[in-house]
Amino acid sequence: MKLPRRFFQPLATGAPAPFRELPVRLERMIHFVPPHNDKVRARVPDLARTVDVVLGNLEDAVPADQKEAARKGFVAMARDTDFAASGTGLWTRINALNSPWILDDLFEIVAEVGDKLDVVMVPKVEGPWDIHYVDQLLAQLEARHGVTKPILVHAILETAEGVANVEAIASASPRMHGMSLGPADLAASRGMKTTRVGGGHPDYRVLADPAGDAPRASAQQDLWHYTIAKMVDACMANGIKAFYGPFGDFSDSAACEAQFRNAFLMGCAGAWTLHPSQVALAKTVFAPDPAEVAFAVRIVEAMPDGTGAVMLDGKMQDDATWKQAKVIVDLARLVAQKDPELADAYKLS
């Protein structure tokens, strides 16, 4: 454990100082791109204008004999596109820390495009020791290659041990950007009996008590509610962001939207998008509804300093609801900067 006085000190001489606060950025969707695929990579300049984050995926879904090509493709992608000009984040998901590719991933990418890279996503994080390892290595590489801004770290929760250590992971380093739920690997780690990637399962349900001869009501439950809630609490307590991960059934947009919406309501900032059809869903879901924004604005205007209590439409508003309203209004202002059509709908001054 780092002592508070040393927590924000660079871990290598010449490395940039860690951020005291996360940069304020809209990250409704983290859009995954396979950088070893030339056709997909060629579409990245246009894609960067339509999504909040472009992530070059080097891990799962990249065959072992394509790892080097994916790494080189990501470097080319970073060089060929001006992500900063469109306000789009550039991330990469590196290979797992127990893989033979992890060192080349970080050594080559930081050397070639370290100043363009915003976030490194680390898979299968099991405890703070994994974050400490990446933290120290990134600081050494930043110093070696003259990187001027700190590269942030994003952890994927996809093992039972990682979920058990979620609070220690969230507070492991000032480099921590946030966490994502990794439901497929987590399901395997827990021994869950499902082959689905995210979403629910028709057999995970509750059954109402018998009421005479009437059919017993039944309702499907959310397999991931506990984990998302635990992740959100750990992230918010440490000033970092929580994200829903992948939803693998591209043919079921309704279920994907429902899962995204549950995560949004529980406090997640965004979700992964693996298919172009999911981008529009994430844009809709992870932005507040205009009617909600309008009511939240009324609360804030009625209580400018956040104290006291007022009645609006027969509902009492006090300091607690003022804080809720501020969350919605602040997010709406951030969304309005990125999407002009929503700026018109929100009617913010």
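The accessible surface of the protein amounts to about 16,900 Å², and carbon and sulfur atoms hold 54% of that area. Areas follow the Shrake-Rupley method with a 1.4 Å probe, and for residues only the protein chains shown count as cover. The model is predicted, so local features need pLDDT of at least 70 and side-chain atom pairs count only at pLDDT 80 or more, whereas totals for chains, interfaces and linings use all residues. Residues are numbered from 1 along each chain as its sequence is written, and side-chain values use heavy atoms, with hydrogens and water left out.

The overall dimensions come next. The C-alpha trace spans about 65 × 55 × 45 Å along its principal axes. The radius of gyration of the protein is 21 Å, which agrees with the value near 20 Å for a compact globule of 349 residues. This radius is taken over C-alpha atoms, and the globule rule is 2.2 Å times the number of residues to the power 0.38. Of the 349 residues, 46% are buried. Buried means under 20% relative accessible area, exposed means over 50%, and partly exposed lies in between (1.4 Å probe, protein chains only).

Contacts (heavy atoms within 4.5 Å) were then sorted by sequence separation. Among contacts with a separation of 6 or more, 71% join residues 24 or more positions apart. Charge was also tallied. The protein carries 36 positive and 44 negative side chains. The centres of the two sets lie 3 Å apart. Lys and Arg count as positive and Asp and Glu as negative, while His and the chain ends are not counted. Each charge is placed at NZ of Lys, CZ of Arg, CG of Asp or CD of Glu.

The secondary structure comprises 14 helices and 12 strands. Helices (H or I, at least four residues) and strands (E, at least two) are DSSP runs, numbered from the N terminus. Strands are treated as paired if DSSP finds at least two bridges between them.

Strands 1, 2, 3 and 10 are linked by parallel pairings. Strand 10 (residues 270-273) pairs with strand 1 over 3 bridges, in the parallel sense. In this pairing, Met 29 stands opposite Ala 271. Strand 1 (residues 29-33) also runs parallel to strand 2, and 4 bridges join the two. Phe 32 has Leu 55 of strand 2 as its bridge partner. Strand 2 in turn pairs with strand 3 (residues 89-93) over 5 bridges, again in the parallel sense. Here Val 53 stands opposite Gly 89 of strand 3.

Burial was examined strand by strand. In strand 1, 5 of 5 residues are buried. Met 29, His 31 and Val 33 occupy one side of strand 1, with Ile 30 and Phe 32 on the other, and both faces are covered. Strand 2 (residues 53-57) is likewise mostly covered, with 5 of its 5 residues buried. Val 53, Leu 55 and Asn 57 point one way from strand 2, and Val 54 and Gly 56 point the other way. Strand 3 also has 5 of its 5 residues buried. One side of strand 3 presents Gly 89, Trp 91 and Arg 93, the other Leu 90 and Thr 92, and all are buried.

Other positions are less covered. Lys 39 belongs to helix 1 (residues 38-42). Lys 39 is exposed, with a relative accessible area of 67%. Its C-alpha lies 32 Å from that of Gly 146, and the two residues are 107 apart in sequence. Ala 219 sits in strand 8 (residues 218-220) and is partly exposed at 35% relative accessible area. Leaving out residues up to four places away in sequence, Ala 219 touches Tyr 204, Arg 205 and Val 206. The C-alpha atoms of Ala 219 and Thr 92 are separated by 38 Å, with their positions 127 residues apart along the chain.

Backbone torsions single out two further residues. Asp 313, which is not a glycine, has a positive phi near 55 degrees. Asp 313 falls in the loop between strand 11 (310-312) and strand 12 (315-317). Its relative accessible area is 55%, hence exposed. Lys 347 also has a positive phi, of about 55 degrees, although it is not a glycine. Lys 347 is placed in the segment after helix 14 (340-346). The residue is exposed, with a relative accessible area of 70%.
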